[in-house]
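Visitor: Got a minute to walk me through this one? I'd like to start with the ligand.
Guide: Sure, here it is.

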Amino acid sequence: MRELIIPESEEELLRCADRADLILGRGSNLLVADGELDIAVVSTEMLREITFDGDSVTAGAGVTLTELAVKCAEKGLGGLEFAHGIPGSVGGAVFMNAGAYGGEMKDVITSVRAIIGGELIDIPNSDCGFSYRASRFQRSGVVASATFKLTERDKDEIRARMRELSEKRRERQPLEYPSAGSTFKRPEGYFAAALIDEAGLKGASVGGAQVSEKHAGFLINRGSASFDDFASLMEMVQREVYSRSGVMLEPEVRIIK
Ligand SMILES: Cc1cc2nc3c(=O)[nH]c(=O)nc-3n(C[C@H](O)[C@H](O)[C@H](O)COP(=O)(O)OP(=O)(O)OC[C@H]3O[C@@H](n4cnc5c(N)ncnc54)[C@H](O)[C@@H]3O)c2cc1C
């Protein structure tokens, strides 16, 4: 990469945002080309402030969802249990409208503070353009922080729900291998994993990239996968699924090249 900038405050983020070719959260949804990339990256990893105000919490873009859910549980605030096992940051989760087990960012966010047109502005949930794995920030804008409205709940109940969901993830997802999570979005009326499985592609591989045998929605790195291995496997999966079911799978992972 040409440049890595790590702002330590919203003001610093404001000053450097327009230099960024890529805003980097935790990188958990990225498929990045091999070799040297001529890009400037702004990492949000130091934007880690969490502020509670009654049943509201505001978290910086670099706070991890797991840390945020755990801190909210300590305060007896529920609503983010679904997000506990998503390995991303608040900024990446807003950008993707990340979700799991019946919850999505759009259900718990009241507003997002973002840099739009060179200014830091507060955008209410209704103007964030949230829909399935999409937000207005995919067109433009850098997320600085987000405010969530939560619900007072018994701490032990919140923790029990988080443990239950972590257990489900461990049972069903190939967490023992590197991946970017679900490779494809859920097509309306279908499940990507089922379509891939029905096309006979469980375990199919290109180089070190493989369709997980445990969960066909995950393309995993068996240890030595290159970017090209992943890109070729994704294309093969799209082609085979389309020819069998007529459904064109759309990538959920963000490709950086
Ligand atoms: C094992 C595993 C399980 C997963 N399970 C789930 C799941 O259950 N549900 C789900 O929705 N996702 C899941 N994911 C995918 C991923 O964790 C989410 O998409 C997450 O929200 C990405 O956050 P991130 O910080 O890692 O973003 P990154 O991967 O760093 O970035 C993703 C995109 O967001 C942009 N971005 C990041 N931060 C900002 C910012 N502050 N402002 C503007 N743009 C920004 C980036 O430029 C990039 O385009 C999973 C991934 C893995 C590896």
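Visitor: How do the residues of the shell around the ligand divide into nonpolar, polar and charged?
Guide: They divide into 16 nonpolar, 13 polar and four charged. Here Ala, Val, Leu, Ile, Met, Phe, Trp, Tyr, Cys and Pro count as nonpolar, Asp, Glu, Lys and Arg as charged, and the others, Gly among them, as polar.

Visitor: And what am I looking at, model-wise?
Guide: This is a predicted model: local features need pLDDT of at least 70, side-chain atom pairs count only at pLDDT 80 or more, and totals for chains, interfaces and linings use all residues. Residues are numbered from 1 along each chain as its sequence is written, and side-chain values use heavy atoms, with hydrogens and water left out.

Visitor: Which residues come nearest to the ligand?
Guide: Of the 33 around it, Ile 23, Gly 27, Ser 28, Ser 89 and Gly 99 come nearest. A residue is near if one of its heavy atoms lies within 4 Å of the molecule.

Visitor: What about polar contacts with the ligand?
Guide: Those are pairs of N or O atoms within 3.5 Å; within protein, one must be able to donate a hydrogen and the other to accept it, and residues adjacent in sequence count only if both atoms are side-chain atoms. A ligand oxygen sits 2.8 Å from a polar backbone atom of Arg 26. There is also a ligand oxygen 2.6 Å from an N or O atom in the Ser 89 side chain. For a nitrogen atom of the ligand, a backbone N or O atom of Val 143 lies 2.9 Å away.

Visitor: How much of the ligand does the protein bury?
Guide: Taken alone the ligand exposes 980 Å², and the protein buries 93% of that. Areas come from the Shrake-Rupley method with a 1.4 Å probe; for residues, only the protein chains shown count as cover.

Visitor: Which element gives the largest share of the shell?
Guide: Helix 3, with five residues. Helices (H or I, at least four residues) and strands (E, at least two) are DSSP runs, numbered from the N terminus.

Visitor: New topic: Ser 212. Buried or exposed?
Guide: Ser 212 is buried, because its relative accessible area is 1%; buried means under 20%, exposed over 50%, partly exposed in between (1.4 Å probe, protein chains only).

Visitor: What does the side chain of Ser 212 reach?
Guide: The backbone nitrogen of His 215, at 3.1 Å. A polar atom of that side chain is also 3.0 Å from the backbone nitrogen of Lys 214.
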